[in-house]
Every structure is written in structure tokens, then in C-alpha cells.
Amino acid sequence: MSLPPHVSDDAAHPAAAPVWSHNEWDPLEEILVGRLDGATIPSRHPIVSVNVPAWAARLQGLASGLRYPRALVEPAQKELAGFTALLESLGVTVRRPEPVDHRRRFATPGWSSRGFASSCPRDSLLVVGDEIIETPMAWPCRYYETFSYRPVVQDYFRRGARWTAAPKPQLTDASFDGSYRVPGADEPMRYVTTEFEPLFDAADFVRAGRDLFVQRSNVTNRTGIAWLRRHLGPGYRIHEIESRCRAPMHIDTTFLPLAPGKVLVNPEYVDVDRLPGILKGWDVLIAPEPDPLPGRLLRITSMCGKWLSMNVLSVGGGRVIAERRQPGMLRALERWGFEPVPCDLLHYAPFGGSFHCATLDVRRRGALESYFP
């Protein structure tokens, strides 16, 4: 395969940089991994109801604010420990958030809520180069979620990283469409968030050097995309990926660059003929149909649906960590020229994701490059 033309803008990798990550595939050196201590069933809110499994939406009135049951937490904790050990065995430095009691109630002048979890640093923090950005998240129960990462982020800042926080949203009624319902397949697309203020989760963005890709979703509005575009300035371009998912949330089970010239796409959510034109010349890797999730409890509690099989993590050198119980994906990665690294993390699904969601790659060894004309 001939790679698309690209231009290196920074020839040297600053060895002392605490935060340095430009894409999804360079050799991984340091990573933040989420934590399940104190995980709490999300507080009731319309934006949560449209993005969680039907069982969770029905139970919100009864169970919101309660701890997740041990039957879900314990197997996820065990797999998370194994995943962390695998990363360390690959020479990756692993950092963790502080334990937090997410049952504690907090308030703004307009509303109050309990928390959720510190399971997915990919959602609340975005790394672009040497900058770490706190995102304006749309779920009220995640309003202060970045605080569990503050000791780590403060350490990065003291050592030279840039640290930015997007405008803290008000999350009043003006931020949400009170008449929203999930649109049917033949209806125009609608979103539960309005354009009243900037809202976005970092997990709706993926990076390919000077180009970022984003999907509009129920937690990321166009005003949020515009804020990030202006913040990053003319040195970066942001391209929108159209999703056919009727209740989209987070791009990394829809569209994920795995290497220069190779991007993994979800055939159910993406029309490859409508991808941004700059991807012409890239290999579009069509994700295989996921293998069924084992066990009824896991099937009904997964927050992410069957395409969690796409939620893989590149550690560099062509190695990609993927779910051991998704043999179809493992075989496909090998066929595409990657070295799949099997690992177990299926039981993390009730807490928001898998390998990509559960992590934030803080430092990768590589220069800032432009992969597109």
C-alpha cells in the first residue's frame, strides 16, 4: 500500500514533554486508564435516557444515585487490572484518576445531581499535541468528572504541558430540546442538545495529525465543534463524519483511524461514499459483524451496543489491543496487516466502553504531521 503524502512539521519528539500525542497510532508511552471505584448509576435526566440501554432508562427513577451492583463491578475490575498489567508489560506508563465517591450530590445555581464514574477519561479530556483540554460535557452527572483527574493533570501542567478548560456549560433547559425523541429511520435527524452553548465530549473526536474528525451527536453540538475549531486555530482542520446512528454518542465505535492511510469504519453507521473527500486514497477498513456478547446480563447492561468490538487501542508498531472474545475483529486486524493483541474487557461495557473509551493516550512517540494534501 502506498501511503498518502504527508509532511512532518516537528522533526523531534521532545523526550521531556509530559503531554505529547498527535494521532491514534504512534508508539504509546503514557496513558490514563479509568477507575471504577465509586461508580454510580447516572442520575435521571433526559440526555442520559436517550444514550443508555432501555433497561437503564426504565430503572433510572428507582436506581439513579445507587452504586452499581457487585455482579457488574467485580468482573469489570478484574479485567481492568489485566488490561493495565498488559499495558505495563508493553512498556507503557499507566496513570490513574483519584478514587471518588460519585454518590455525593453536587449543585450549580440551576440544578443538582449525583455523579457517574471515572471510567472513561477519553470523554472528559482531549489531548492535542502538548495540550490537554477539559471538555464541556452535556450529561449533568458528569459535570465535575474531570476533578478526579486533576492531580494527574496538575502534574502534567507543572512539568510543562498546556492545560485548557472549555467554557463550563450551564446545562439549563435551554441546552436541551424538551420535545426530543429518538428519530425513526425515515425521519430527519434530531438531537437532544440545542445550540445554546458549546457542548462536546472528547470521545466524539479522533486525531490524525493536523486533521481531526468529529461526529455531531447527542453530546456534541455544532457550537461545541465551532469552539474547538476556533481554539485550535488555522494549524488544524476538523472534518465531520456523518453518522446514520439514530442516537449517536462517541465516534470511536463509528470511525477510528488505525494507521496512516488506514481507517476502521462501522458499515451500519457510515456511508463510505459520503466520507470527507480528504480520505480519498486511504484504505477504508469495514468492521466485521461483531460476535454476539456472551451472557444475558452483559447483553442487557452494555452501554455501548454491539459495535463495541470496534473500540480498539493502537499501541504503536502495528500492534492493536482488541477484545479477546471478538475473534472476527482479531482476524480482520491480522488480515489488514496489524498485530492484534487479545485482551479481556467486555465487562467494562456497562461503565461506558472498552479499550479506547477506558483510556486517554497522553504521550505517544512521534512528530506532528500532516497526512493529507
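Here are some questions and answers on the cores, a sheet and the cysteines of this predicted model.

Local features need pLDDT of at least 70 and side-chain atom pairs count only at pLDDT 80 or more, while totals for chains, interfaces and linings use all residues. Residues are numbered from 1 along each chain as its sequence is written, and side-chain values use heavy atoms, with hydrogens and water left out.

User: Which element gives the largest share of the largest nonpolar core?
Analyst: A nonpolar core here is a set of buried Ala, Val, Leu, Ile, Met, Phe, Trp, Tyr and Cys residues joined through side-chain atoms within 4.5 Å. Buried is under 20% relative accessible area, exposed over 50%, partly exposed in between (1.4 Å probe, protein chains only). The largest one has 45 residues, and β2, α1, α3, β15 and β17 each put in at least two (helices, H or I, of at least four residues and strands, E, of at least two are DSSP runs numbered from the N terminus). Seven residues, the largest share, come from α3.

User: Leu-87 is among the residues with the most contacts inside that core; which residues does Leu-87 touch?
Analyst: Contact means heavy atoms within 4.5 Å, and residues up to four places away in sequence aren't counted. On that basis, the list for Leu-87 is Leu-28, Ile-31, Val-33, Val-92, Val-94, Leu-313, Val-315 and Ile-321.

User: Which strands stand at the edges of the open three-stranded sheet?
Analyst: Pairing takes at least two DSSP bridges between two strands, and the order is β6-β7-β8 with mixed pairing. Two of these strands have a single partner each, so one side of each lacks a neighbour in the sheet. They're β6 (125–128) and β8 (162–165).

User: What angle does α6 make with β7?
Analyst: Axes are lines fitted to C-alpha atoms, for helices over the stretch in contact, and angles run from 0 to 180 degrees between N-to-C directions. Helix α6 (residues 222–232) lies across β6, β7 and β8. Its angle to β7 is about 155°.

User: How far is the nearest cysteine sulfur from that of Cys-141?
Analyst: A disulfide needs a pair of cysteine sulfur atoms within 2.5 Å, and the count by that rule is zero. Cys-141 is in no disulfide, and the nearest cysteine sulfur belongs to Cys-120. The distance is 12 Å.

User: Is Cys-141 buried or exposed?
Analyst: The relative accessibility of Cys-141 is 4%. That value makes Cys-141 buried.
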